[in-house]
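Hi,

Here is the structure I promised to pass on to you. Have a look at it first, and then read my notes below.

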Amino acid sequence: MEQRHERALLLDGTRIAEEIKREVSAEAARLKAEHGIEPCLAAVRVGDDPASAVYVRNKVNTSAALGLRSEHHALAASTSTAELLALVAQLNQREDVDGILVQLPLPSQIDAARVLEAIDPAKDVDGFHPLNVGRMMLGQPALVPCTPAGIIELLVRSGIEIGGAHACVVGRSNIVGRPLAQLLLQRDATVTVCHSRTRDLATVTRQADILIAATGRIALVRGEHIKPGATVIDVGINRLTDEALARELFGPHAEERIAAIRRRGYTLVGDVHPAEAELVAGRLTPVPGGVGPLTVAMLMRNTVTAARRRRLGVV
Ligand code: NDP
């Protein structure tokens, strides 16, 4: 008989992210003390998207808190592909810049694929350059995308066995679903990838010991999608403005969420129905406070890794 839990255990992404950040900070201090190297992240943002501004500010502030140098390049919404390529070329050439991050999404007039391919792969701390994607696929040393890498850390540091488990990833984007499926496969999971054309999603997802939702659809994964006792990782970060839906999703914890909607216009919710998942899953990541903090922690780790590899030639 499968063991049923009264309520899923919440996986504390914030605590694990803090642990990783402490390790990164210690490594940065060591690079400075022993080699005089100060890892530096250059973050580039184009236009005025408020969510992007928050993300970049968070990355810059976290760099400072960990003892990394950082630069914030904010360009006008009207910036052309050529202008952005010129900045990337400049950052590629600078010896003191270790990591280059171009915040997505970019305005529609910019050829995003060209920009990402122009970043020096050795400085590609988001891990989106085709060379890093290819190396990761081959299991070679690479800069790996931060959200999937963070999810692996979350599973490993929470003591969840990946090897031999059936992992189901819902979503196949280039930044989350696809690379995550690869990383799980490399750790010997049996991996299923679902997407909008998957037939009878619940029948497939209910097979999974580890179920990861990365769809950008509020509460797409419900109780019926989850195998009792499974580990459920909710990658979604969605703004919910509807008070009635907040009441349905959060049940007894709804008041706090409704207060947030009234105060600032929205509350953050994931791709998993929290009240239903809590009753079926064995372990569950909250939103916020689950996967989100790990993404930033892994970006910091990639920056220090890039500095060590570029400047010392050490893998
Ligand atoms: P995308 O929009 O790029 O991809 C969404 C994926 O979900 C697609 O593969 C799509 O399928 C699939 N999908 C959509 N609807 C369904 C459905 N009804 N059934 C099954 N699959 C479906 O999203 P991202 O991967 O960029 O982001 C996903 C979520 O994760 C978002 O909420 C985003 O905000 C969040 N996110 C969180 C991060 C963090 O740090 N925690 C970092 C990055 C993203 P198809 O390919 O067929 O269209």
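**Around the ligand**

The ligand has 22 residues around it, and the closest are Arg-172, Ser-173, Ser-196, Ile-237 and Thr-295. Before you read too much into any distance here, keep in mind that this is a predicted model.

Sorted by class, that shell has eleven polar, eight nonpolar and three charged residues. Two of the closest residues reach oxygen atoms of the ligand with their side chains. For Ser-196, a polar side-chain atom sits 2.5 Å from a ligand oxygen. For Thr-295, a polar side-chain atom is 2.7 Å from an oxygen of the ligand. Val-235 uses its backbone instead: one of its backbone N or O atoms lies 3.4 Å from a ligand nitrogen. As for how much of the ligand is covered, it exposes 940 Å² when taken alone, and the protein buries 72% of that.

**The sheet**

Next, the parallel sheet. The model has an open sheet of six strands, paired in parallel, and the order is E1-E11-E8-E7-E5-E6. At the edges you'll find E1 (9–10) and E6 (190–194), each of which pairs on one side only.

If you want a place to start in the viewer, try strand E7, residues 210–213. On one side, E7 pairs with E5 (residues 166–170) in the parallel sense, over four bridges. Within that pairing, Cys-168 has Leu-211 of E7 as its bridge partner. E7 also runs parallel to E8 (residues 231–234), and four bridges join the two. There, Ala-213 is partnered with Asp-234 of E8.

Which residues of E7 are buried on each side? Ile-210 and Ile-212 are buried on one face, while Leu-211 and Ala-213 are buried on the other, so both faces of the strand are covered. Why do they split up like that? In a regular strand, side chains alternate between the two faces of the sheet.

Moving on towards the edge, E5 and E6 are also parallel, with five bridges between them. One of the bridge pairs is His-166 with Thr-190 of E6.

**Cysteines**

I know you'll want to hear about disulfides. How many are there in the whole structure? The search found zero. Cys-146 is in no such bond because its sulfur is 16 Å from the closest cysteine sulfur, that of Cys-40, which is too far. Cys-146 is also buried, with a relative accessible area of 5%.

Cys-194 is the one to look at on screen. Its nearest cysteine sulfur belongs to Cys-168 and is 3.7 Å away, but Cys-194 is in no disulfide. The cut-off is 2.5 Å between the sulfur atoms, so the 3.7 Å between Cys-194 and Cys-168 does not qualify. Cys-194 counts as buried, at 1% relative accessibility.

**Some side-chain contacts**

Asn-238 belongs to strand E9, residues 238–240. Is Asn-238 buried or exposed? At 9% relative accessibility, Asn-238 counts as buried. Its side chain has a polar atom 3.0 Å from the backbone oxygen of Gly-270, and it also makes a 2.9 Å polar contact with the side chain of Asp-271.

Gly-270 itself is in the loop between strand E10 (267–269) and helix H11 (274–280). With 5% relative accessibility, Gly-270 is buried too. For a sense of scale, the C-alpha atoms of Gly-270 and Lys-32 are separated by 39 Å, and the two residues are 238 apart along the chain.

Glu-71 is another charged residue to click on. You'll find Glu-71 in strand E3, residues 69–75, and it is buried, with a relative accessible area of 17%. What does the side chain of Glu-71 contact? It makes a polar contact of 2.8 Å with the side chain of His-73, and one of 2.4 Å with the side chain of Arg-94.

Last one: Ala-113, in helix H4 (residues 112–118). Ala-113 counts as partly exposed, at 48% relative accessibility. The C-alpha atoms of Ala-113 and His-129 are 8.8 Å apart, with their positions 16 residues apart along the chain.

Cheers

Terms used
Residues numbered from 1 in each chain as written. Predicted model: local features only at pLDDT ≥ 70, side-chain atom pairs only at ≥ 80, totals over all residues. Heavy atoms only, no water. Buried < 20%, exposed > 50% of the residue type's maximum accessible area, 1.4 Å probe, protein only. Near = heavy atom within 4 Å. Polar contact = N/O pair within 3.5 Å; in protein donor to acceptor, adjacent residues only side chain to side chain. Areas by Shrake-Rupley, 256 points an atom, 1.4 Å probe, with all protein chains shown as cover. Pairing = 2+ DSSP bridges.
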